[in-house]
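Reader: Before I rely on any label attached to this model, I would like to see the reasoning behind it. Could you take me through the terms one at a time?

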Amino acid sequence: MVYLTRKAEFAASHYYHNPDFSPEENRRIFGKCNNPNGHGHNYTLEVTVKGEVDPRSGFVVDLKQLKDILHREVLDAMDHRFLNKEVPEFANRIPTTENLAIVIWQRLAPKMKAAQLHRVRVYETPDLFVDFYGEA
Amino acid sequence: MKAHLTRRYRFSASHRLHSEEMSAEENASTYGKCNNPYGHGHNYALEVTVSGPVDEATGMVCNLTDLDGFVQREIVERFDIQNLNMLPEFARTVPTTENLCTAIYDILRRGFTHAHLEKVRMEETMMNSFEFAGGEIRE
């Protein structure tokens with residue numbers, strides 16, 4: 001089993017708000033992130049896949065195909081977007097880094113062919129990242 | 001759904017690697033330049049990884065304010081710009097980065113209750129790093 005990691009970057013804005021909370025609760029729990037006008041980050045995405053090395057190609061996965069999937073499923077949908085308003089999954093889900101990692105996993109997992117998705121890591125800043133391994 | 005969240009912090013501190021159980025020669029040969037009696041310092045980077053189910057109402061494993069507040073209060077404010085050898089954690093152990101890692105893990109495991117502690121990772125320099133994910137520590 002060999003693990004391969006591909007990086008990608010995207011910039012997006014978001015804000016944290018739960019309509020079930022009172023305005024005071026939203027401010028207390030989400031702090032500055034509750035500003036409805038949003039704020040942004042340069043996200044770094046690391047996608048790790050695993051699989052056996054194909055004896056003919058020497059690849060775990062065709063990187064070109066993986067890159068295309070990342071572009072289509074993640075970057076085209078999220079780069080330079082307001083996550084709350086423009087990514088359907090976040091219509092009813094708060095676009096925290098945790099949920100971003102989960103949504104990216106859910107978008108990528110069904111598209112994987114030869115290799116298996118192992119980990120989605122999303123850096124919100126260089127000092128904060130979330131790992132999701134597809135665990136229930 | 002379960003996710004892992006990692007937060008990175010920084011502090012600077014000095015230390016001297018010296019064991020009372022070793023002779024002067026043994027200390028010098030074991031710790032080399034790090035045995036200098038005047039000590040020396042590092043800019044440490046600390047990575048704390050916690051895990052847990054992502055709360056549906058908040059979208060969070062734990063509120064970053066709680067984690068940042070705890071680490072700032074219990075670790076950064078106590079260790080930053082200090083001589084590690086003078087801290088109670090290192091009264092009986094040598095303040096190697098291995099021991100620093102386990103001491104910080106212990107502080108988090110005992111005091112931080114908002115999410116499950118997975119791992120503590122310390123960078124002493126850009127060239128070496130240490131990880132501790134729990135388990136028995138030989139005293």
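**Labels and the values behind them**

Author: Let me begin just after helix H2 of chain B in this predicted model, where the helix is followed by B:Ile81, a residue with a positive phi near 55°.

Reader: What makes the phi of B:Ile81 worth pointing out?

Author: Most residues other than glycine have a negative phi. B:Ile81 is a residue other than glycine, and its phi is nonetheless positive, near 55°. Its place is the loop between H2 and E3 of chain B.

Reader: Is B:Ile81 buried or exposed, and how do you know?

Author: A residue counts as exposed if 12 or fewer other C-beta atoms lie within 10 Å of its own. B:Ile81 has 11 such atoms within 10 Å, and it is therefore exposed.

Reader: Which value of phi does A:His80 have, and where does that residue lie?

Author: The phi of A:His80 is near 60°, again a positive value in a residue other than glycine, and the residue lies in the loop between helix H2 (63-78) and strand E3 (81-82) of chain A.

Reader: Why does A:His80 count as exposed?

Author: The count of C-beta neighbours inside 10 Å is 11 for A:His80, and because the limit for an exposed residue is 12 or fewer, the label follows.

Reader: Why is A:Gln65 called partly exposed?

Author: Buried needs 20 or more other C-beta atoms within 10 Å and exposed needs 12 or fewer, with partly exposed in between. A:Gln65 has 15, so the middle label applies. This residue sits in helix H2 of chain A, and its C-alpha atom is separated by 9.8 Å from that of A:Lys113, although the two residues are 48 apart along the chain.

Reader: Which residues of H2(B) are buried, and what do they pack against?

Author: B:Leu67, B:Val71, B:Ile75 and B:Phe79 are buried in H2(B). An α-helix has 3.6 residues a turn, so residues three or four places apart point the same way. The buried residues of this helix pack against E1, E2, E3 and helix H3 (97-111) of chain B.

Reader: Where does helix H2 of chain B bend, and what does the angle compare?

Author: The bend is at B:Gln72 and amounts to about 40°, the angle being taken between axes fitted to the seven residues ending there and the seven starting there.

Reader: How do you know that E1(B) pairs with strands of chain B, and in which sense?

Author: Pairing requires at least two bridges between two strands. E1(B) and strand E2 (residues 40-53) of chain B have 14 bridges and pair in the antiparallel sense, with B:His42 as the bridge partner of B:Ala13. E1(B) and strand E3 (residues 82-83) of chain B have two bridges and pair in the parallel sense, and there B:Ser14 has B:Asn83 as its partner.

Reader: What joins E1(B) to strand E5 of chain A?

Author: Four bridges join E1(B) to strand E5 (residues 128-132) of chain A, and the two strands run antiparallel. Across this pairing, A:Phe129 has B:Thr6 as its bridge partner, and A:Val130 stands opposite B:Leu5.

Reader: How many residues does each chain bring to the contact, and what is the makeup on the side of chain B?

Author: Chain A brings 19 residues and chain B brings 16. On the side of chain B, the largest share, seven residues, comes from strand E1 (residues 2-15), and that side divides into seven nonpolar, six polar and three charged residues.

Reader: What makes up the largest nonpolar core?

Author: A nonpolar core is a set of buried nonpolar residues joined through C-beta atoms within 7 Å. The largest one has 51 residues, and those with the most contacts inside it include A:Ile104 and B:Ile104. Helix H4 (residues 97-108) of chain A gives the most to this core, with six residues. Leaving aside residues up to four places away in sequence, A:Ile104 touches A:Leu45, A:Val74, A:Val120 and A:Val122.

Reader: What confidence does the predictor give?

Author: Chain B averages a pLDDT of 96, with 98% of the residues scoring at least 70, and the complex has an ipTM of 0.92 and a pTM of 0.93.

How values were computed
Residues are numbered from 1 along each chain as its sequence is written. Chains are lettered from A and ligands numbered from 1 in the order in which they are written. This is a predicted model: local features need pLDDT of at least 70, side-chain atom pairs count only at pLDDT 80 or more; totals for chains, interfaces and linings use all residues. Two residues are in contact if their C-beta atoms, placed from the backbone, lie within 7 Å. Ala, Val, Leu, Ile, Met, Phe, Trp, Tyr, Cys and Pro count as nonpolar, Asp, Glu, Lys and Arg as charged, and the others, Gly among them, as polar. pLDDT is the predictor's confidence in each residue, from 0 to 100.
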